[in-house]
Amino acid sequence: MPRITVTVDGVTYEEEVEPRLLLVHLLRDRLGRTGTPIGCDTTNCGACTVMLDGRSAKSCSVLAVQADGCDVLTIEGLAADGRLHPLQTAFHEEHALQCGYCTPGMIMAALDLLKEDPDPSEEAVREGLEGNLCRCTGYCNIVRAVRRGAQAMSGREVSAS
Amino acid sequence: MTEVGSARRRKEDARLITGRTQWTDNIQLPGMLYVAYLRSPMAHARIVRVDTGPARREPGVVAAFSGRDFAQEQGSLPCAWPVSEDVVIPDHPPMAVHEVRYVGEAVACVVATDRYKAADALAAIEIEYEELPAVLDMAEALTDTAPKVHEAGNRAFTWRFGNGDIDAAFRDAPVVVDRTYVQQRLIPSAMEPRAVVAATDGDAFTLYSATQIPHILRVMLALTTGIPEHRLRVIAPDVGGGFGSKLQVTAEEVLALLLARRLGRPVKWTESRSEGNMTVHHGRDQLQRISVAAERDGRLRGIKVDLLADMGAYLMLVTPGIPLLGAFMYNGIYKMDAYDFGCTGVFTTKMPTDAYRGAGRPEATYALERVMDELAAEVGLDPLELRRRNWIRHEEFPYTTIANLTYDSGNYEAATERATTLFGYDKLRAEQADRRERRDPVQLGIGVSTYTEMCGLAPSRVLGSLSYGAGGWEHASVRMLPTGKVEVVTGSSPHGQGHVTAWSQIVADALGVPFEDVSVMHGDTAVSPRGMDTYGSRSLAVGGVAVLQACDKVKEKARQVAAHLLEASPEDLEFAEGSFRVRGTGAGRSIQEIALAVFAAHDLPDGFEPALDADATFDPENFSYPHGTHLCAIEVDTETGQSRIRSYVAVDDVGKVVNPLIVEGQVHGGLAQGIAQALFEEAVYDADGNLLTTTMADYLMPTAADLPDFVTDRTETPATSNPLGVKGVGEAGTIASTPAVVNAIVDALRPHGVHDVRMPCTPERIWRTLAGVRGGAA
Ligand code: FES
Ligand code: FES
């Protein structure tokens, strides 16, 4: 079995994995990083989104062996030194989650979106999160939260879209 | 009263935004095995032969079973709602033994050391079917020559209800509008797939399940499996949405217990999405014929409704009751002289239907609000004016409707007034007229929906009169701890709603303690022994009231102790901001001091039981009736069929609001789901009974890019039927929005001669409808 080295939320793991093992199953079943959930089997829902070497990736569409040598950031590693990331705070403040199942993926996808566009319009957030499904919120508050998070991250006012 | 009504940020969030969650699939127990199911690829077939032997020889496989191996102990999945005398409740083995009746029905399973190996070994199972004819169309299913889904035939039940002289209402009626609407089949699609873990020490069992109903599940599983109720603990850990789909007793839950018992090891099963789309119960699927008789001025004389309701292959927990929850709602907010309702439940070879957000009421509201628009067009009135002429005026409450429900309160005028203002109704109508005049290829449609619903399920007596198998009460306990902190146990089991926050607000006000000092426990039958769980917008209107009543009892106990300590009579004490004070003097004791005094028990009134806690069980006397006015403006491109929601205004009256943030969130999510039915979603079976929409790529749930920002507001007419004055909000958005959207689309196209577009109103459907009325080839 291939042997891989992968860093997850700052901790380096060496694992022997079947070539077909999905990254999300490595995280959840082998490493106990259950903060990243699974919502589908066709890479449509985005619930499993993590940062892979700084870019968002659906961890259900990546094999564990492909993550060899990579740095994975999950929702569990996002709060630094016990302080919530501004996006996490914004999701809380804007009531952008109900059941919370989509939330880890939404936050990670939003993180990537804000790298590209640190001050997105409402339209841009809606387009940018197209790969992430939420069944509870109707998205309004998620959009608000992402824009609020953007504002907090850059210390700017959110411009009218 | 400061907490109730404030937009508290949720206590639930801290774990959810950091990934410290407890989804059922996260659970790992020592020695745990994984289960995978082999499912029928055929809609209808006899099982000729199953051999699980080869699967047992695959690597990592511990056991493999077919339905036959559990035939003696698996029982039949329960239906708790035998709606009528003539209802047929077919045997429903969790794993099929002789016959399969829908694609996805479980026929065998493999238990292995990891989930990959379990899935792999399914391919080694040998199974032979003899194909039987699929039964897919309801009307056809009821003909004499139709192949039978079950021995007893395809008619599951018939149910009638009526009031007033319906023949007189229709005889010589100046206007009659008669329409048939299709409520397409939907897949609830909670984001968390179902998952179950079962464990046993040989005698006692623990079942973890992604369920909305741990309490009901425990009772039903005990009855189904024979495991004594007191040896069975059911836990609903974090649950990722339900929308009715997790209000079920499923094959996989029963089998998890049986497998754990048979193998003596914990087992886990987690469904894949494709598996779930096939086998999580579906929603809606009704054919609705609705006729209204009216005067020339639009005043309603009577409404007749005839439903065919697709049960699917079996009657599950409340399958046959779903259309009947709508039976009392086809009159909506309107006055009329007569009403007649009939429903036939039909078996087909599809996944069973059951509760999906709104359950019966969205269907009723859709047909009614659609036909009201048709009537408005027929008599030449603005749709809002027609509604005004017929609705119950605010000074007429309480009002007993033609369906024999007593609406306790409401103010349809106020909600409509507010909605039209926010929407800019007159301006949009002017723009519409202009576009019509100009023959603009992009037409503007305005959709109206003035809905009500019955929620706060439910008065136990009413449920009894409808032959439902249980009551509708809810339970709570509240206990003050020695340090003055408060623990609340609720029987209402959340899956995203925000019970913990809302209950904390109620308790903080009732006992005068800080919001932070309240913790709320739920979803584990060992912690919360009694409950009726969460569905039907009942949590706050029933469960929240139970919490308040338990607080009141605690407060009365505390008053006795305070009086004793202050050497005053209990009646002379006033309670404010968490302290009892003797009227007219400064002397007082905080409730926290009293909690400590009760704990110490050194100096209590004679005979006082040293415990500052209380239980309450609330059984509502009436349903609650949220209502509201929703307005939708849609642009429809008559050349391409593309539509775009330009604005959506929802003004809802859900009574008193405990947390406006949570209420708004519920409305948003409800709107998205109702709009999804109108525009995007449909579970499609092909001519052989194969489900085509098994993935999220085929079953189109709306994304953020597909939906607009919603404008929401409220009017507040307190419910008079419960002490909180609350009505419930979980389903309102879903109920109101589907007809608002379709009314808008039809309104846009009416000048083209269009009277209906079948849901979901996709661009293709709109285009074909237009092509049809233009006489072109579609
Ligand atoms: S679980 Fe990865 S996209 Fe759905
Ligand atoms: S909050 Fe439940 S799926 Fe998004």
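This report walks through the interface, the empty spaces, the salt bridges and some backbone oddities of a predicted model.

## Where the two chains meet

Let's start with the contact between chain B and chain A. Chain B puts 57 residues into it, and chain A puts in 45. Together the two chains bury about 4400 Å², and 54% of that area sits on carbon and sulfur atoms. If you want to know who does the burying on the chain B side, look at Ile17(B), Tyr116(B) and Met191(B): this trio accounts for 18% of the area that chain B buries against chain A, more than any other three residues.

There's plenty of polar business here too. The rule picks out 28 residue pairs in polar contact across the interface, counting pairs with both residues at pLDDT 80 or more. On chain B, the elements that hand two or more residues to the side touching chain A are α1 (13–16), α3, α8 and α18 (660–679). Of these, α18(B) gives the most, with 10 residues. Sorted by class, that side of chain B comes out as 26 nonpolar, 19 polar and 12 charged residues.

## Salt bridges, between chains and within one

Over all chains, the structure holds 84 salt bridges. Eight salt bridges run between chain B and chain A. One to pull up in your viewer is Glu664(B) with Arg144(A), whose side chains meet at 3.9 Å, N to O.

Inside chain B, have a look at Asp178(B) and Arg289(B), which form a salt bridge at 2.5 Å, N to O. What parts of the chain does this pair link? Asp178(B) belongs to strand β8 (residues 175–186) and Arg289(B) to strand β13 (residues 283–294), so to speak two distant parts of chain B, with the partners 111 residues apart.

## The largest pocket

Now for the empty space. Rolling a probe the size of a water molecule over the atoms shows where space has been left. The largest pocket offers about 720 Å³. Its lining has 34 residues, and the ones closest to the centre are His25(A), Arg115(B), Thr270(B), Glu271(B) and Ser272(B).

Which elements build the lining of the largest pocket? From chain A, α1 (23–30) gives two or more residues, and from chain B the elements that do so are β1 (33–39), α3 (115–121), β12 (267–270) and α8 (273–279). The largest share, six residues, comes from β1(B). By class, the pocket lining splits into 17 nonpolar, six polar and 11 charged residues. Two of these elements turn up again at the interface: α3 and α8 of chain B are listed both for the pocket lining and for the side of chain B that touches chain A.

## Cavities

How many cavities of 30 Å³ or more does the structure hold? There are 10. The second largest cavity has about 120 Å³ of space.

Fifteen is the residue count for the lining of that second largest cavity, and Leu77(B), Tyr102(B), Ala251(B), Glu252(B) and Thr279(B) lie nearest its centre. The lining divides into eight nonpolar, three polar and four charged residues.

## Backbone oddities

A quick reminder before the details: most peptide bonds are trans, and most residues other than glycine have a negative phi. Chain B has some exceptions worth clicking on. Phe397(B) and Pro398(B) are joined by a cis peptide bond, with omega about -10°; Pro398(B) sits in the loop between α11 (383–390) and β16 (399–400). Another cis peptide bond connects Met759(B) to Pro760(B), again with omega about -10°. You'll find Pro760(B) in the loop between α19 (732–749) and α20 (763–773).

Then there are the positive phi values in residues that aren't glycine. Asn404(B) has a phi near 70° and lies in the loop between β16 and β17 (406–407) of chain B. Glu577(B) has a positive phi of about 45°, and its place is the loop between β22 (573–576) and β23 (579–582).

Definitions and conventions. Residues are numbered from 1 along each chain as its sequence is written. Chains are lettered from A and ligands numbered from 1 in the order in which they are written. Side-chain values use heavy atoms; hydrogens and water are left out. On a 1 Å grid over the protein atoms alone, a cavity is a set of points where a 1.4 Å probe fits but cannot get out, and a pocket is an open set with protein on both sides within 12 Å along at least five of seven lines; lining residues have an atom within 4 Å of a point. Grid points are joined across faces, edges and corners, and a volume is the space filled by probe spheres set on the points. Helices (H or I, at least four residues) and strands (E, at least two) are DSSP runs, numbered from the N terminus. Ala, Val, Leu, Ile, Met, Phe, Trp, Tyr, Cys and Pro count as nonpolar, Asp, Glu, Lys and Arg as charged, and the others, Gly among them, as polar. Contact means heavy atoms within 4.5 Å. Buried area is the accessible area (1.4 Å probe) that two parts lose on being put together, summed over both. A salt bridge is a side-chain nitrogen of Lys or Arg within 4 Å of a carboxyl oxygen of Asp or Glu. A polar contact is a pair of N or O atoms within 3.5 Å; within protein, one must be able to donate a hydrogen and the other to accept it, and residues adjacent in sequence count only if both atoms are side-chain atoms.
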